[in-house]
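Work through these exercises with the model open beside you. Try each task before you read its solution.

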Amino acid sequence: MLGTNQIKFIQNWLDTREIHNPTVARFLCKLIPAQCPFERKLKLFNRVVLYIPPLCNFNPFYYQLINLRFRCLSCLVDEYGEDVTIYL
C-alpha cells in the first residue's frame, strides 16, 4: 500500500507533466475515460433495483488524471488544431 508521501509525490508528478507530443496526447485521451466508468444502475422491469455510485472520487489520483486528460485535449486543440470530439 502506498504511503501518504508516495501518494503526494505521484499526484505532484502527474500535475507537473506537460504534454507536447500529439501521439502521447491521443494515447492518454483514449486511455483516461471522460467520465467515471464504475457508476451503474441495475434495473429490473424498468425500476432501479441497485445503484452503485461512482467510486472514482475515492481514487487518490482521480483529479490529477482528469486534469492530465484535459491538458492533452488542450494540447491537441491549441497546438495541433485537431478535432477532439471523438474523445468526448
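**Exercise 1. Find Val49 and decide whether it is buried or exposed.**

Solution. Val49 has a relative accessible area of 57%, so Val49 is exposed. The cut-offs are these: buried means under 20% relative accessible area, exposed over 50%, and partly exposed in between, with a 1.4 Å probe and protein chains only. Next, place the residue: Val49 is found in strand E2. Helices (H or I, at least four residues) and strands (E, at least two) are DSSP runs, numbered from the N terminus. Then list its contacts, meaning heavy atoms within 4.5 Å. Leaving aside neighbours within four places in sequence, Val49 is in contact with Leu42, Lys43 and Leu44. Last, look across the model: Val49 and Asp83 are 34 residues apart in sequence, and their C-alpha atoms are 39 Å apart in space.

Before you go on, note the ground rules. This is a predicted model, in which local features need pLDDT of at least 70 and side-chain atom pairs count only at pLDDT 80 or more, while totals for chains, interfaces and linings use all residues. Residues are numbered from 1 along each chain as its sequence is written, and side-chain values use heavy atoms, with hydrogens and water left out.

**Exercise 2. Describe how strands E1 and E2 pair, and examine the turn between them.**

Solution. Start with the strands. E1 covers residues 40–44 and E2 covers residues 47–52. They pair in the antiparallel sense over 5 bridges. Two strands count as paired if DSSP finds at least two bridges between them. Check one position: Arg40 stands opposite Ile52 in E2.

Now take the turn. E1 and E2 form a hairpin with 2 residues between them. Phe45 lies in this loop, and so does Asn46. Look at their backbone angles. Phi of Phe45 is near 55°, and phi of Asn46 is near 65°. Both values are positive, in residues other than glycine. Most residues other than glycine have a negative phi. Finish with accessibility. Phe45 is exposed, because its relative accessible area is 76%. Asn46 is exposed too, because its value is 72%.

**Exercise 3. Compare the span of helix H3 with its expected span, then say which of its residues are buried.**

Solution. Helix H3 runs over residues 62–78 and has 17 residues. The expected span is 1.5 Å times one less than the number of residues. For H3 that gives 24 Å, and the reach from the first C-alpha to the last is close to this, at 24 Å.

The buried residues of H3 are Tyr62, Gln64, Leu68, Arg69, Cys72, Leu73, Cys75 and Leu76. What covers them includes helix H1 (4–15) and helix H2 (22–31).

Take Gln64 as a case. Its relative accessibility is 12%, so Gln64 counts as buried. Not counting residues up to four places away in sequence, Gln64 touches Gln11, Leu14 and Asp15.

Now take Leu65, also found in helix H3. Leu65 is partly exposed, because its relative accessible area is 28%. Beyond its neighbours within four places in sequence, Leu65 is in contact with Leu14 and Ile32. The C-alpha atoms of Leu65 and Asp15 are separated by 8.4 Å, with their positions 50 residues apart along the chain.

**Exercise 4. Classify the aromatic pair in the structure.**

Solution. The structure holds 1 aromatic pair. The rings of Tyr62 and Tyr63 have their centres 5.2 Å apart and their planes at 75°, so the pair is edge-to-face. Here is the rule: rings of Phe, Tyr and Trp (its six-membered ring) pair if their centres lie within 6.5 Å; planes under 30 degrees apart count as stacked, over 60 as edge-to-face and the rest as tilted. Tyr62 is among the buried residues of H3, whereas Tyr63 is exposed at 51%.

**Exercise 5. Which side chains meet in a salt bridge, and where do they sit?**

Solution. A salt bridge needs a side-chain nitrogen of Lys or Arg within 4 Å of a carboxyl oxygen of Asp or Glu. A search of the whole structure finds 1. The side chains of Arg26 and Glu82 meet there, at 2.6 Å from N to O. The pair links distant parts of the chain: Arg26 is in helix H2, Glu82 is in the segment after H3, and they are 56 residues apart. Arg26 counts as partly exposed because its relative accessibility is 28%. Glu82 also counts as partly exposed, at 24%.
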